[in-house]
Amino acid sequence: MKQIQQGAEAIIYQDNNKAIKERISKSYRLPILDKKLRKSRTKAEAKIINKLQSIIPVPKILETDNQQTIEMEFIDGKKLSEHLEQLDWKSICKKLAENLTKLHNQDLIHGDLTTSNMIFKDDLVYLIDFGLGFHSHKIEDKAVDLHLLKQALDAKHFSIFPEAFNIILKNYKANQHNLIIKRIDTIEKRGRYRH
Ligand SMILES: Nc1ncnc2c1ncn2[C@@H]1O[C@H](COP(=O)(O)OP(=O)(O)OP(=O)(O)O)[C@@H](O)[C@H]1O
Ligand SMILES: [Mg+2]
């Protein structure tokens, strides 16, 4: 078993075809709150990924202790944060938009739509890292999801921005599509969600 990533919230280990995500404790949090937070994020993440299993490409959940650890399928592909520009990014953006359409039509919000949470494998765009995911039917929450994606593309993939995001908007066909797209503008004018 080898450690492949130490993120802000979790350590990821790989064991053959398995990825093990372990949420680590944060010394700046009160221990009792820390435990609660790790538990709720772990449970929510496993639940959302399980729900999405038959809807969009996500890793299979193999096991969870519902406390701090999730064992899931290791997606052995290309992380989009590192490879998007070198791949057929137009077709990837189209596929991503189709996945986001399905995600939002389930009233699920990803919460952290950056390209480090996307892996391209076998012509599929996998979404990972639903630790900040939640349930919501609100136009606002879906628009914020897309707004964060737009910011991530602008910051990390500026050579293909804004074209990449325009492809996503064009292919995003969620219910209330127009209202969601319009709301992105409102959010940007409000300027509240800067990262
Ligand atoms: N199922 C998986 N298959 C392949 N790689 C994975 C998988 N899960 C996580 N990873 C790798 O580990 C990284 C971190 O995982 P994840 O995004 O779930 O945790 P995180 O706490 O958000 O980390 P970060 O703070 O780096 O975003 C991913 O960007 C990816 O490279
Ligand atoms: Mg992540």
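# A guided tour, starting at strand S5

Select Thr64 and Ile70: Thr64 stands opposite Ile70 in S5. This is a predicted model. Keep that in mind at each stop.

**The hairpin of S4 and S5**

Extend the selection to both strands. S4 and S5 pair in the antiparallel sense, over 3 bridges. Another facing pair here is Glu63 and Glu71, the latter in S5.

Now pick the turn. The hairpin has 4 residues between its strands. Asn66 sits in this loop between S4 and S5. What is the sign of phi at Asn66? Phi is positive, near 55°, and the residue is not a glycine. Most residues other than glycine have a negative phi. Is Asn66 buried or exposed? It counts as exposed, because 12 C-beta neighbours lie inside 10 Å, and the cut-off for exposed is 12 or fewer.

**Across the sheet**

Stay on S5 and look to its other partner. S3 and S5 pair in the antiparallel sense over 5 bridges. Select Ile20 and Glu71 to see one facing pair: Ile20 stands opposite Glu71 in S5. Glu71 has thus been named twice, facing Glu63 and facing Ile20.

Show the whole sheet next. In what order do the 5 strands run? The order is S1-S2-S3-S5-S4, in an open sheet with antiparallel pairing. At the edges are strand S1 (2-6) and strand S4 (61-64), each paired on one side only. From one strand to the next, the twist averages 20°.

Color helix H1, residues 31-52. H1 packs on the sheet and touches strand S3 (18-23), S4 and strand S5 (69-73). Its direction makes about 155° with that of S4.

Go to the S1 edge. S1 pairs with strand S2 (residues 10-15) in the antiparallel sense, over 4 bridges. Gln3 stands opposite Tyr13 in S2.

**Helix H3**

Select residues 89-105. This is helix H3, with 17 residues. At 1.5 Å a residue H3 should span 24 Å, and its end C-alpha atoms are 24 Å apart, so the two agree.

Which residues of H3 are buried? They are Trp89, Ile92, Cys93, Leu96, Ala97, Asn99, Leu100, Leu103 and His104. Show their surroundings. These buried residues pack against strand S7 (108-109), strand S8 (118-121), strand S9 (124-127), helix H4 (139-156) and helix H5 (163-171). Just past the helix, click Asp107: H3 is followed by this residue, whose phi is positive, near 60°.

**H3 against H5**

Hide everything but H3 and H5. Two packed helices are described by the angle between their axes and the distance between the axes. Here the axes come within 8 Å and cross at roughly 40°. H3 and H5 are therefore oblique to each other. The crossing is right-handed.

Show the contacting residues. From H3 they are Trp89, Lys90, Cys93, Lys94, Leu96, Ala97 and Glu98. They meet Ala164, Ile167, Ile168 and Asn171 in H5.

**The loop between H4 and H5**

Select Phe161 and Pro162. What kind of peptide bond joins them? The bond is cis, with omega about 10°. Most peptide bonds are trans. Pro162 lies in the loop between H4 and H5.

His157 is in that loop between H4 and H5 as well. His157 is partly exposed, because 17 other C-beta atoms lie within 10 Å. Leaving aside neighbours within four places in sequence, His157 is in contact with Leu84, Glu85, Thr115 and Ala164. Add Ser81 to the view. His157 and Ser81 are 76 residues apart in sequence, yet 8.1 Å apart in space, C-alpha to C-alpha.

**The loop between S8 and S9**

Click Asp123, in the loop between S8 and S9. Its phi is positive, about 70°, although Asp123 is not a glycine. Asp123 is exposed, because 11 other C-beta atoms lie within 10 Å.

**Helix H6**

Last stop: residues 177-190, helix H6. H6 has 14 residues and reaches 20 Å from its first C-alpha to its last, close to the 20 Å expected at 1.5 Å a residue. Gly191 follows H6, with a positive phi near 65°.

Pick Lys182 in H6. Lys182 counts as partly exposed, because 13 C-beta neighbours lie inside 10 Å. Finish with a distance: Lys182 and Ile139 are 43 residues apart in sequence and 9.7 Å apart in space, C-alpha to C-alpha.

Conventions
Residues are numbered from 1 along each chain as its sequence is written. Chains are lettered from A and ligands numbered from 1 in the order in which they are written. This is a predicted model: local features need pLDDT of at least 70, side-chain atom pairs count only at pLDDT 80 or more; totals for chains, interfaces and linings use all residues. Two strands pair if DSSP finds at least two bridges between them. Helices (H or I, at least four residues) and strands (E, at least two) are DSSP runs, numbered from the N terminus. Axes are lines fitted to C-alpha atoms, for helices over the stretch in contact, and angles run from 0 to 180 degrees between N-to-C directions. Two residues are in contact if their C-beta atoms, placed from the backbone, lie within 7 Å. The expected span of a helix is 1.5 Å times one less than its number of residues. A residue is buried if 20 or more other C-beta atoms lie within 10 Å of its own, exposed if 12 or fewer, and partly exposed in between; C-beta atoms are placed from the backbone. Angles under 35 degrees count as roughly parallel, over 145 as roughly antiparallel, 65 to 115 as roughly perpendicular and the rest as oblique. A crossing is left-handed if the near helix is turned anticlockwise from the far one by less than a right angle, and right-handed if clockwise.
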